[in-house]
Amino acid sequence: MRSRNIGYLEDTLKIILIDEARSQKERIQKYLCCALLSRFDDMQRDYKFLKDYKDLKDVVAFLAFVFKVENNTMKEILDKLQDYKNINNSCVQSCLSIKL
């Protein structure tokens with residue numbers, strides 16, 4: 001049985017992957033704050049079950065690949081948004097206001 005989180009992750013990735021501007025920091029922040037950070041632990045656990053991403057070594061490499069940025073850039077962004085991992089979406093505006 002497929003987990004609900006994997007379905008959510010697949011649906012979110014479909015949206016991100018068609019975005020030509022997805023490598024811009026502002027776009028990355030928008031997707032992270034609005035869709036991905038609230039389920040960070042689930043994403044960290046489940047991304048490797050998606051066939052196109054199973055060989056990536058960790059969630060930073062996974063997100064860097066998806067957003068077409070270097071791993072160190074993705075790590076810097078995640079470090080700045082650390083406080084918004086695994087919390088509900090009530091903090092979206094606060095998350096979006098963080099200066100990257």
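In the predicted model, the buried residues of helix α2 are I28, Q29, Y31, L32, C33, A35 and L36. The elements that cover these buried residues include α1 (4-17), α3, α4, α5 and α6. Helix α2 itself runs over residues 25-36.

The buried residues of α2 thus belong to a chain with six helices and zero strands. Read along the sequence, the order of elements is α-α-α-α-α-α. For a chain of 100 residues, a compact globule would be expected to have a radius of gyration near 13 Å, and the value for the chain, 13 Å, agrees with this. The C-alpha trace spans about 40 × 30 × 25 Å along its principal axes. Of the 100 residues, 40% are buried. Among contacts with a sequence separation of 6 or more, 60% are accounted for by residues 24 or more positions apart. The exposed surface of the chain amounts to about 6300 Å², of which carbon and sulfur atoms supply 49%. The chain carries 18 positive and 15 negative charges, and the mean positions of the two sets are 2 Å apart.

Helix α5 comprises residues 71-80, and its buried residues are M74, I77 and L78. Viewed down the axis of α5, these residues fall within an arc of 95°, so they line one face of the helix. In general, an α-helix has 3.6 residues a turn, so residues three or four places apart point the same way. The buried residues of α5 pack against α2 (25-36), α3 (40-46) and α4 (59-67). Helix α5 in turn is among the elements that cover the buried residues of α2.

The loop between α4 and α5 contains K68 and also E70. K68 is not a glycine, yet its phi is positive, at about 60°. Most residues other than glycine have a negative phi. With a relative accessibility of 57%, K68 counts as exposed, because the cut-off for this class is over 50%. E70 is likewise exposed, its relative accessible area being 57%. E70 and S23 are 47 residues apart in sequence, while their C-alpha atoms are 9.7 Å apart in space.

A positive phi is also found at N86, a residue other than glycine, where the angle is near 65°. N86 is placed in the loop between α5 and α6 (92-96). The relative accessible area of N86 is 36%, and the residue is therefore partly exposed.

Beyond the last helix of the pattern, K99 is found in the segment after α6. K99 counts as exposed, with 75% relative accessibility. K99 and Y8 are separated by 91 residues in sequence and by 27 Å in space, C-alpha to C-alpha. Helix α1 (4-17) and helix α6 both appear among the elements that cover the buried residues of α2.

Methods:
Residues numbered from 1 in each chain as written. Predicted model: local features only at pLDDT ≥ 70, side-chain atom pairs only at ≥ 80, totals over all residues. Heavy atoms only, no water. Helix = DSSP H or I, 4+ residues; strand = E, 2+ residues; numbered from the N terminus. Rg over C-alpha atoms; globule rule 2.2 N^0.38 Å. Buried < 20%, exposed > 50% of the residue type's maximum accessible area, 1.4 Å probe, protein only. Contact = heavy atoms within 4.5 Å. Areas by Shrake-Rupley, 256 points an atom, 1.4 Å probe, with all protein chains shown as cover. Lys, Arg positive; Asp, Glu negative; His and termini not counted. Charge placed at Lys NZ, Arg CZ, Asp CG, Glu CD. Arc of directions from axis to C-beta.
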